Amino acid sequence: LPACRDSKLFIKDLHFDEVPVRIYLPRVPSTSKRRGVIFFHGGCGMFGSIRTYERACRYIARQSDSVVVSVGYHLSPEHKYPAQTLDCLTATVHFLKTAENYGVDPDRIIVCGDSAGGTFAAIICQELVNRRDIPKIRAQVLIYPFLQALNFNLPSHQQNAFIAFLSRERAVHFILKYLKKDLSMMEAVLAGSHVPESMSLKSRKWINADFIPEIFKLGYNPPLPTSFSPQVHEETKELFEARFSPLLAEDAVVRHLPDTCIITCEYDVLRDDGLLYKKRLEDNNVKVTWYHVEGGFH
């Protein structure tokens, strides 16, 4: 669908190296180069579109007087993982290289996304850590992002297991659908049977209920040990890639990430993903701004 008309914005549909984007440019001339925002929409990598987030992107462009690029990455299952991440990466690199063509300061560009879009933003920042041929991302804004697929028994998973829209089971259901996996593995993944002991021991220093502030652990019960299933592990190996679970990135990568804003919500199974990433970033001396929405839902 075409973009809505806006009295304060020029809105154009373009392609950045074959990836569809919609760009929002303030109509009022600027005396200096503007800031840029690259926005990745949510929807588990299977839903949502540029059109779905039209109102949000127009609002961001108007209120921040920034040039916003909304990325229309190709969706699963028609386009198999990691096509979504690669589309976001391609569009980001293109904009970083051509920002000045749109009146944008290439040193003042942030990436932003909600839910799976927040996941893509986190992954893109990690992927670009070692790139020297393009400007650095100035900051990342992660709005209730999904960041790990190893532990679905954190306090936020237990407290919000049956919450509206994104329950604990539905979260894993969407993950398996996104990866085109057999849904019969859902119970095993929920229990943690897909995680070998070696990975469990390694990831415990990053993904651990002990790192969640006590205020968020009301009623939490540590899960009982579960038996490892080599077959389920073999079928779900993508879950252990940092490109899928950004919380698994090594410290050598995390310490070079840009300034970060993380937004979490009280009634959200993914709340603790954001809290754990906040801790990891702070432990690696990355500047973090955290905003928690009490009473908020995913």
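Domain bounds here come from an automatic or database domain assignment. With that settled, let's work through this predicted model together.

**Exercise 1. Find the two domains and say how far apart their centres lie.**

Step 1: Begin with the division of the chain. Domain 1 is made of two segments, 9-148 and 243-297, while domain 2 covers 155-240.

Step 2: Now take the C-alpha centres. Those of domain 1 and domain 2 are 25 Å apart.

Step 3: Count who takes part in the contact. Domain 1 supplies 34 residues and domain 2 supplies 28 residues.

**Exercise 2. Describe the area buried between domain 1 and domain 2.**

Step 1: Start with the total, which is about 2800 Å².

Step 2: Split it by atom type. Carbon and sulfur atoms account for 70% of this area.

Step 3: Look for the main contributors in domain 1. F244, L248 and V269 lose the most area to domain 2, and together they make up 24% of what that side buries.

**Exercise 3. Work out which polar links cross the interface, and which elements domain 1 brings to it.**

Step 1: Search for charged pairs. The rule finds 1 salt bridge across the interface of domain 1 and domain 2.

Step 2: Widen the search to polar contacts. Here 10 residue pairs turn up across the interface, with both residues at pLDDT 80 or more.

Step 3: List the elements giving two or more residues to the domain 1 side: strand 7 (259-267), helix 10 (271-283) and strand 8 (288-297). Helix 10 provides the largest share, 7 residues.

Step 4: Sort that side by class. The tally is 18 nonpolar, 6 polar and 10 charged residues.

**Exercise 4. Locate the salt-bridge partner of R243 and place both residues in the chain.**

Step 1: Recall the principle. Side chains of opposite charge can pair when their charged atoms come close.

Step 2: Apply it to R243. The partner is E127, with the closest N and O atoms 2.9 Å apart.

Step 3: Place the two residues. R243 sits in the loop between helix 8 (230-235) and helix 9 (251-254), whereas E127 belongs to helix 3 (residues 116-127); the pair links parts of the chain 116 residues apart.

Step 4: Set the pair in context. The whole structure holds 18 salt bridges, and another pairing joins the side chains of K202 and E250, at 2.9 Å from N to O.

**Exercise 5. Compare the make-up of the two segments in the UniProt annotation.**

Step 1: Read the record. UniProt, in an unreviewed entry, places "domain: Alpha/beta hydrolase fold-3" at residues 37-181 and 239-298.

Step 2: Take residues 37-181. This stretch is 38% helix and 17% strand, with its end C-alpha atoms 33 Å apart.

Step 3: Take residues 239-298. This stretch is 28% helix and 32% strand, and its end C-alpha atoms are 21 Å apart.

Technical notes: Residues numbered from 1 in each chain as written. Heavy atoms only, no water. Contact = heavy atoms within 4.5 Å. Buried area = accessible area lost by both parts, 1.4 Å probe. Salt bridge = Lys/Arg side-chain N within 4 Å of Asp/Glu carboxyl O. Polar contact = N/O pair within 3.5 Å; in protein donor to acceptor, adjacent residues only side chain to side chain. Helix = DSSP H or I, 4+ residues; strand = E, 2+ residues; numbered from the N terminus. Nonpolar A, V, L, I, M, F, W, Y, C, P; charged D, E, K, R; others polar. UniProt positions renumbered as here; feature names shortened; annotations may be inferred.
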